[in-house]
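Visitor: I should like to learn how to read the features of a protein model. May we begin with the aromatic rings?

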Amino acid sequence: MSGNYSSGELSSALYRVQTDYTGNLATKDYVNSHRADGLKMIYPDAFTSRIKPNIYYNGRYYCDIDTDDYKVGGTVEAWVATNGNDSTGDGSENNPYATITKALTVATTIHIKEGTYTQGTHYATSANIGGKNIIGHGAVTLQNDSSGHYAYSSGSTYIENIEFKHGNANTNSAFTAICSGSGQNVCFVNCVFRDSGSNGLSLEGIDAVLVGCAAYGNKLDGFNYHSKTINSTTYIPNVLEIDCKAYNNGTDQSGNNSCNGSTAHDGAKVIRLNGEYYSCYGGVIAEIALADGEPTISVNYGVLAHDSTG
């Protein structure tokens, strides 16, 4: 294991790191189809997470999470395309809407056709996508030129094959999810968080599963997890990263040398499987601080962390 770790960062973390990462990102089907045919891993006693799948090793680490289980139920679907029309379209694949904003008002599952969609034109800032499935088809980019992409979840959210790109150098993350109460979670599959003026992905008090995701080119951290306190109740995030990458984060090297690939705070519980984290301006993996006496802990299997700077 290599990388730039400070004693303060390591004191609040429990690392289980193997450096047998093959360099080949598994697909979603790998995670879903491989079951308990190998050696089962054992969690440390202190790791009390709501997301705690069975983890096995059979030449490579895998777990029994099925991301389809995180999709929101509902029969109404709508399609969006850059050449669609909110007035004359009916939301079908052949006659799509023009904006994600319109589709969110009528459907549970929103299919987005290939193209670049901009904040203010195709979707609104601070959109509530709780209880929705957002699925991209082809190369789909949500490009933000002012504020971050916010998900004020009111339940579960499933997002697949979307690139969240921050188009303006300011202080907002490419995607931010802030909880408003208990029981909120989001699942990202094959998503990218890049080129933001802050973090790539910021989660506050929301549980998350990430599969095959990447975060790079961000001013601060790639993946960033914090708690959220509402009316004296603190919500602590529980996160699972599978086959994720975070690299080249910390682009503004003006004295802030604590820009990480993936970092957990405030008592968060994080599992990382087979990820690669490298070339960030600070420790590439960092778990920091307590929340009301709750330790921040991560369990890492098959993770490669290397080449941090700063």
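Guide: Rings of Phe, Tyr and Trp count as a pair if their centres lie within 6.5 Å, and planes over 60 degrees apart make the pair edge-to-face. The model before us is predicted. It holds 11 aromatic pairs.

Visitor: What is the geometry of the pair formed by Phe164 and Phe175?

Guide: The centres of Phe164 and Phe175 are 4.9 Å apart and the planes stand at 65°, an edge-to-face arrangement. Phe164 belongs to strand 11 (residues 163-166) and Phe175 to strand 12 (residues 175-178), so this pair ties together parts 11 residues apart in sequence.

Visitor: Are Phe164 and Phe175 buried or exposed? And which aromatic cluster includes them?

Guide: Both Phe164 and Phe175 are buried. They form one aromatic cluster with Phe188, Phe193 and Phe223.

Visitor: Which residues have the most contacts inside the largest nonpolar core?

Guide: They are Ile159, Phe164, Phe188, Phe193, Leu210 and Phe223, in a core of 50 residues. Helix 3 supplies the largest share of this core, three residues. There is also a second, separate core of 22 residues, which includes Val209, Leu273, Ile297 and Val299.

Visitor: Let us turn to the sheet. How should its strands be read?

Guide: In general, the strands of a sheet pair through backbone hydrogen bonds, either parallel or antiparallel. Here, nine strands form an open sheet with parallel pairing, in the order 4-5-7-10-13-16-21-24-29.

Visitor: Which strands lie at the edges of this sheet?

Guide: Strand 4 (77-80) and strand 29 (297-301) are the edge strands, each pairing on one side only. From one strand to the next, the twist averages 10°.

Visitor: How many bridges join strand 24 and strand 29?

Guide: Five bridges join strand 29 to strand 24 (residues 269-273), in the parallel sense. As one example, Val270 has Ser298 of strand 29 as its bridge partner.

Visitor: Finally, a residue in a loop. Where is Thr108 placed, and why does it count as buried?

Guide: Thr108 sits in the loop between helix 3 (100-106) and strand 5 (109-112). A residue is called buried when its relative accessible area is under 20%. Thr108 has a relative accessibility of 17%, and therefore counts as buried.

Visitor: Which residues is Thr108 in contact with, leaving aside neighbours within four places in sequence?

Guide: With those neighbours left aside, Thr108 is in contact with Val72, Gly73, Gly74 and Val76, and also with Gly131, Lys132 and Asn133.

Technical notes: Residues are numbered from 1 along each chain as its sequence is written. This is a predicted model: local features need pLDDT of at least 70, side-chain atom pairs count only at pLDDT 80 or more; totals for chains, interfaces and linings use all residues. Side-chain values use heavy atoms; hydrogens and water are left out. Two strands pair if DSSP finds at least two bridges between them. Helices (H or I, at least four residues) and strands (E, at least two) are DSSP runs, numbered from the N terminus. Axes are lines fitted to C-alpha atoms, for helices over the stretch in contact, and angles run from 0 to 180 degrees between N-to-C directions. Rings of Phe, Tyr and Trp (its six-membered ring) pair if their centres lie within 6.5 Å; planes under 30 degrees apart count as stacked, over 60 as edge-to-face and the rest as tilted. Buried means under 20% relative accessible area, exposed over 50%, partly exposed in between (1.4 Å probe, protein chains only). Contact means heavy atoms within 4.5 Å. A nonpolar core is a set of buried Ala, Val, Leu, Ile, Met, Phe, Trp, Tyr and Cys residues joined through side-chain atoms within 4.5 Å.
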